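Trainee: I would like a close look at a single part of this model. Please take one helix and go through its shape, its packing and what comes after it.

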Amino acid sequence: MSQNAIVVCSVWFGVLSLVSVAVYGFDKRRAKLEGDRVPEKTLHILSLLGGWPGAIIGQKLFRHKTIKTRFRLVFWLTVVGNLVISVILYAAFQQFYTWLT
């Protein structure tokens, strides 16, 4: 994998992780204030797209979404899904790169 691809992936995961931490913090604040909440679906989509490291940090940092069993189960499925998708994309790009050269 080229250096550029590694940088792009690192930035992608980093930005989505920062967004995830911020969204978890925002949702925790809204929960305390009894305001409109961030849908769980949104939190799961962020994790599936690559923000799961930040989601883990947000869960620990804000003590948010750590007890609800169903949420945690779906969350860990999104982590596995993201990793599976990442491996498939990596293999596909490697195949494509080999084909080009």
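Mentor: What follows is an account of helix H2, its contact with H3 and the loop between them. This is a predicted model, in which local features need pLDDT of at least 70 and side-chain atom pairs count only at pLDDT 80 or more, while totals for chains, interfaces and linings use all residues. Residues are numbered from 1 along each chain as its sequence is written, and side-chain values use heavy atoms, with hydrogens and water left out.

Helices here are DSSP runs (H or I, at least four residues), numbered from the N terminus. H2 covers residues 40-62, and its end C-alpha atoms are only 16 Å apart, whereas a straight helix of 23 residues would span 33 Å. That expected span is 1.5 Å times one less than the number of residues. H2 has a kink of about 125° at Gly51, shortly before Pro53; the bend is the angle between axes fitted to the seven residues ending at a residue and the seven starting there.

The buried residues of H2 (buried: under 20% relative accessible area; exposed: over 50%; partly exposed: in between; 1.4 Å probe, protein chains only) include Gly50, Gly51, Trp52 and Gly54. The buried residues pack against helix H1 (3-33) and helix H3 (69-100).

The axes of H2 and H3 come within 9 Å and cross at roughly 95°. These axes are lines fitted to C-alpha atoms, for helices over the stretch in contact, with angles from 0 to 180 degrees between N-to-C directions. The two helices are therefore roughly perpendicular to each other, a label for angles of 65 to 115 degrees. Contact means heavy atoms within 4.5 Å; among the residues that make it are His44, Ser47, Leu48 and Trp52 of H2 and Phe75, Trp76, Thr78 and Asn82 of H3. By class, the contact of H2 with H3 has 13 nonpolar, 7 polar and 2 charged residues. Ala, Val, Leu, Ile, Met, Phe, Trp, Tyr, Cys and Pro count as nonpolar, Asp, Glu, Lys and Arg as charged, and the others, Gly among them, as polar.

On the H3 side, Thr78 counts as buried because its relative accessibility is 9%. Leaving out residues up to four places away in sequence, Thr78 touches His44, Ser47 and Leu48.

After H2 comes Arg63, with a positive phi near 50°. Arg63 counts as exposed because its relative accessibility is 67%. Lys65 is in the loop between H2 and H3 and has a positive phi near 60°. At 14% relative accessibility, Lys65 counts as buried. Most residues other than glycine have a negative phi.

Methods:
Parallel < 35°, antiparallel > 145°, perpendicular 65-115°, else oblique.
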